[in-house]
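Student: Could you choose one part of this structure and go through it slowly with me, from the surface to the interior and then to the charged side chains? I would like to understand how each statement follows from the one before.

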Amino acid sequence: MNPIKPGELIKWYEMYADYAGMIRDTGIGIYLETITRDTIYYDEPVVVAKVYRNKFNDIIELLEKDVERLLEI
């Protein structure tokens with residue numbers, strides 16, 4: 001699958017911080033950009049997606065694994 005490009009419609013998942021794998025909220029949004037960050041907690045960089053959420057009219061950063069393309073053409 002090709003990487004998601006800025007401007008594409010996506011489905012986002014917001015997870016609970018203390019319950020691994022449990023979804024707190026979900027919705028549709030627009031993918032804005034990919035950000036790679038070095039952290040002190042992991043040996044390798046963390047890939048984060050910046051997403052505009054239509055549901056809340058805001059911009060948040062989610063882990064790349066919590067974002068997927070809404071329509072695959």
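Tutor: We need one definition before we begin: a nonpolar patch is made of residues that have over 30% relative accessible area and no salt bridge, with nonpolar side chains joined when they lie within 5 Å. Please also keep in mind that this is a predicted model.

With that definition in hand, we can start on the surface, where Leu9, Ile28, Leu70 and Leu71 form a nonpolar patch that has about 340 Å² of accessible area in total. One of its members, Ile28, belongs to strand β2, and this residue is partly exposed because its relative accessible area of 39% falls between the limits of 20% for buried and 50% for exposed.

From the patch we can turn to the interior. In soluble globular proteins, nonpolar side chains tend to be buried together. In this model, the largest nonpolar core has 8 residues, namely Ile10, Trp12, Tyr31, Ala49, Val51, Ile60, Leu62 and Val67. Strands β1, β3 and β4 each contribute at least two residues to this core. If we take Leu62 as an example and set aside residues up to four places away in sequence, we find that Leu62 touches Trp12, Tyr13, Val48, Ala49, Val51 and Val67.

Now we come to the charged side chains, which deserve the closest look. Across the whole structure a search finds 8 salt bridges, and a good place to begin is the one between Arg24 and Glu14, whose closest N and O atoms are 3.2 Å apart. Arg24 sits in strand β2 and Glu14 in strand β1, so this pair ties together parts of the chain that are 10 residues apart in sequence. Glu14 counts as buried because its relative accessibility is 19%, under the cut-off of 20%.

Glu14 also meets the side chain of Arg53 in a salt bridge, with a distance of 3.3 Å from N to O. Here the link reaches between distant parts of the chain, since Arg53 is in strand β3 and Glu14 is in strand β1, 39 residues apart. Arg53 is buried as well, with a relative accessible area of 7%. When we put these pairs into a wider picture, Glu14, Arg24, Arg53 and Asp58 are linked in a network of salt bridges.

Another salt bridge joins Lys55 to Asp25, and the closest N and O atoms of that pair are 2.7 Å apart. Lys55 lies in the loop between β3 and β4, whereas Asp25 lies in strand β2, so that the pair links distant parts of the chain, 30 residues apart. Is Asp25 buried or exposed? Asp25 counts as buried, because its relative accessibility is 18%. Leaving aside the neighbours within four places in sequence, Asp25 is in contact with Trp12, Tyr13, Glu14, Lys55 and Phe56; in that list we meet Glu14 from the network and Trp12 from the nonpolar core.

The loop that holds Lys55 also contains Asn57, which is placed between β3 (46-53) and β4 (58-63). Asn57 is exposed, with a relative accessible area of 57%. Its phi angle is near 55°, which is a positive value in a residue other than glycine.

Finally, we can follow the chain to its beginning, where Pro3 lies in the segment before β1 (9-15). Pro3 counts as exposed because its relative accessibility is 64%, and, if residues up to four places away in sequence are not counted, Pro3 touches Glu8 and Arg69. The C-alpha atoms of Pro3 and Val67 are separated by 11 Å, although these residues are 64 residues apart along the chain.

Arg69 lies in strand β5 (residues 67-69), and this residue is buried, with a relative accessible area of 13%. The side chain of Arg69 makes a polar contact of 2.8 Å with the side chain of Glu8, and a polar atom of the Arg69 side chain lies 3.2 Å from the backbone oxygen of Asn2. Around Arg69 we therefore find an exposed residue, Pro3, touching a buried one, because the accessibility of Pro3 is 64% while that of Arg69 is 13%, and the two are in contact.

Technical notes: Residues numbered from 1 in each chain as written. Predicted model: local features only at pLDDT ≥ 70, side-chain atom pairs only at ≥ 80, totals over all residues. Heavy atoms only, no water. Helix = DSSP H or I, 4+ residues; strand = E, 2+ residues; numbered from the N terminus. Buried < 20%, exposed > 50% of the residue type's maximum accessible area, 1.4 Å probe, protein only. Contact = heavy atoms within 4.5 Å. Patch = residues over 30% accessible without salt bridge, like charges linked within 9 Å, V, L, I, M, F, W, Y side chains within 5 Å. Areas by Shrake-Rupley, 256 points an atom, 1.4 Å probe, with all protein chains shown as cover. Salt bridge = Lys/Arg side-chain N within 4 Å of Asp/Glu carboxyl O. Core = buried A, V, L, I, M, F, W, Y, C linked by side-chain atoms within 4.5 Å. Polar contact = N/O pair within 3.5 Å; in protein donor to acceptor, adjacent residues only side chain to side chain.
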